[in-house]
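Open the structure in your viewer and keep the selection tool ready. This tour goes stop by stop: select, look, move on.

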Amino acid sequence: MKLSHLRTTAALAGVLLPLAWSGVAWAQDAVNLRMALWSANEAHLALFNEIAEGFTATHPNVTVTFEPIPFDSYTTTLTTQIAGGNAPDLAWIFETSAADFVNSGALAPLTDAFAATEGYELEDVTESAMGLWKRDGQLYAYPFSTSPFALFVNDDLITAAGARTPAELIAAGEWNWDNALASAKTVADTGDADGLVVRDFNFQNWQNLTAMWRGWGADSWSADGKTCGFTSPEMVDAMSRIHEAIFVDGSMPGPGENVDFFTGDAAMTITQISRASLLPQEDPFAWDLVPLPEGPAGAYAVVGQAGVGAFANRPNTDVAVEFLAHFTNPENSRKLAQFFPPARASLLNTETLAATNPLLTPEQIENVVVDGITNGQVISGHTNFAQIQQTVRSSLDALWVADADVPAVMQSVCDSVAPLLAR
């Protein structure tokens, strides 16, 4: 493939050139595939290695190495590796960066290879799950995880503080953001633990706040990606409430506070069900998993999605695509469903997910996982997302102080990011 035929986006144009065909054939006596991912969780890696061993059993000349990269710097590190000519053979990709990778020509096409793989059943993979990862009808990354955001809850902390648990609020028909933050504040006021934590936000990954602001009917930009949404009345209201929760009532921890729900340090956390593996096995607390509270705009669900693709025009591209077909076939998709909600329609049911998620009750699976996947909207992504993400983050720094002028900060965000959205 000639480089002139690669369609590059602005964000990746400078880093994809090393992916060009080098003239080296992929077939080798020994092949070591490298797969980049952002999880270093031991349970995840054990499962991935088990799946890889199944591939090696039929491909004895192939080994697969999984290389975790820290979550906060994942995409930056990955693109740096690509620019330096050290790209992995396969990689997980954030939904926010899907457009950059899919449209750039960086990834190998998968549709024909998957369709030709015996027993793969590509038709079982839902069209809605594949939407972000397709271009011109061709699939370029497999949506291995379509995971709703939800709240893990420490019922012990909430009950001890004398607050109402989410389960009690749900039973009373009063599960909304006002009441959720009120319970979080009651726990925080004890001084023994914090209230509500948005996991992986850390005042940097602002897109994780989507799980809150969608409850106000807000979004970071319009559906076509061209219009900034931070100055909308809904977003100003949502960000004002988040700012109040942090700096006025203390129901959410502030900048510089490192709070981990899974070590018992907070009443609730917004995250995805794959984090269930972090729940303490020794000295556990009573916990629950509940849907996102209703907001002023009503009930809603937000889905985070991750794809996995094989890089194109590499010495081992064909083998990498073959491994990806193995990694995501029906049998292994069922195994992955233990941590990563599947894109296969045949697996999206309480019976199947209960078998692979023994920590979750059938009610939690139905009300959080299945309903969330069925009704949820994916976090908004955009071409050139890395630059957009940094631009918004820099503009939002002015919000994370006690005396911030929320509408003015939101205006500054749009002033900064609008030219990037218009490209």
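## Stop 1: two paired strands

Strands β6 and β10 pair in the antiparallel sense, with 5 bridges between them. Keep in mind that this is a predicted model. Select 142-154 to show β6. Then select 302-310 to show β10. Now pick out some partners across the pair. Y142 stands opposite V308 in β10. P148 has V303 in β10 as its bridge partner.

## Stop 2: around β10

Stay on β10. Is this strand buried or exposed? Of its 9 residues, 9 are buried, so β10 is largely enclosed by the rest of the structure. Buried here means under 20% relative accessible area.

Next, show the side chains. In a regular strand they alternate between the two faces of the sheet. In β10, V302, G304, A306, V308 and A310 point one way. V303, Q305, G307 and G309 point the other way. The residues of both sets are all buried.

Which other strands pair with β10? Select 90-94, which is β3. It runs antiparallel to β10, and 5 bridges join the two. Find I93: its bridge partner in β10 is G307. Then select residues 377-378, strand β11. This strand pairs with β10 in the parallel sense, over 2 bridges. Here V303 stands opposite V378. You met V303 at the first stop too, as the bridge partner of P148.

## Stop 3: around β6

Go back to β6. How many of its residues are buried? The count is 13 of 13, so β6 is largely enclosed by the rest of the structure.

Select 266-272 to bring up β8. It is antiparallel to β6 and joined to it by 5 bridges. Add residues 287-290, strand β9. Strand β9 is also antiparallel to β6, with 4 bridges. Now centre on F152. It stands opposite T269 in β8. Its bridge partner in β9 is L289.

## Stop 4: the largest pocket

Select W38, F71, D72, Y74 and F94. Among the 43 residues lining the largest pocket, these lie nearest its centre. The pocket has a volume of about 880 Å³.

Which elements give two or more residues to this lining? They are α2 (74-83), β3, β6, β8, β10 and α15 (385-396). Four of those names are strands you have already visited: β3, β6, β8 and β10. Which element gives the most? Select α15: it supplies 5 residues.

Colour the lining by class. You should find 22 polar residues, 15 nonpolar and 6 charged.

## Stop 5: the largest cavity

The last stop is a closed space. There are 4 cavities of 30 Å³ or more. The largest has a volume of about 40 Å³.

Select Y142, F144, S333, L336, F340, P342 and A343, which line the largest cavity. Two elements, β6 and α12 (330-336), each supply at least two residues of this lining. Y142 is a familiar face: you saw it opposite V308 in β10.

How does this lining divide by class? It has 6 nonpolar residues, 1 polar and no charged.

## Before you close the viewer

Show β6 once more by itself. It pairs with β10, β8 and β9. It gives residues to the lining of the largest pocket and to the lining of the largest cavity.

Notes. Residues numbered from 1 in each chain as written. Predicted model: local features only at pLDDT ≥ 70, side-chain atom pairs only at ≥ 80, totals over all residues. Heavy atoms only, no water. 1 Å grid on protein atoms, 1.4 Å probe; cavity = no way out; pocket = protein on both sides within 12 Å on 5 of 7 lines; lining within 4 Å. Points joined across faces, edges and corners; volume = space filled by probe spheres on them. Nonpolar A, V, L, I, M, F, W, Y, C, P; charged D, E, K, R; others polar. Buried < 20%, exposed > 50% of the residue type's maximum accessible area, 1.4 Å probe, protein only. Pairing = 2+ DSSP bridges.
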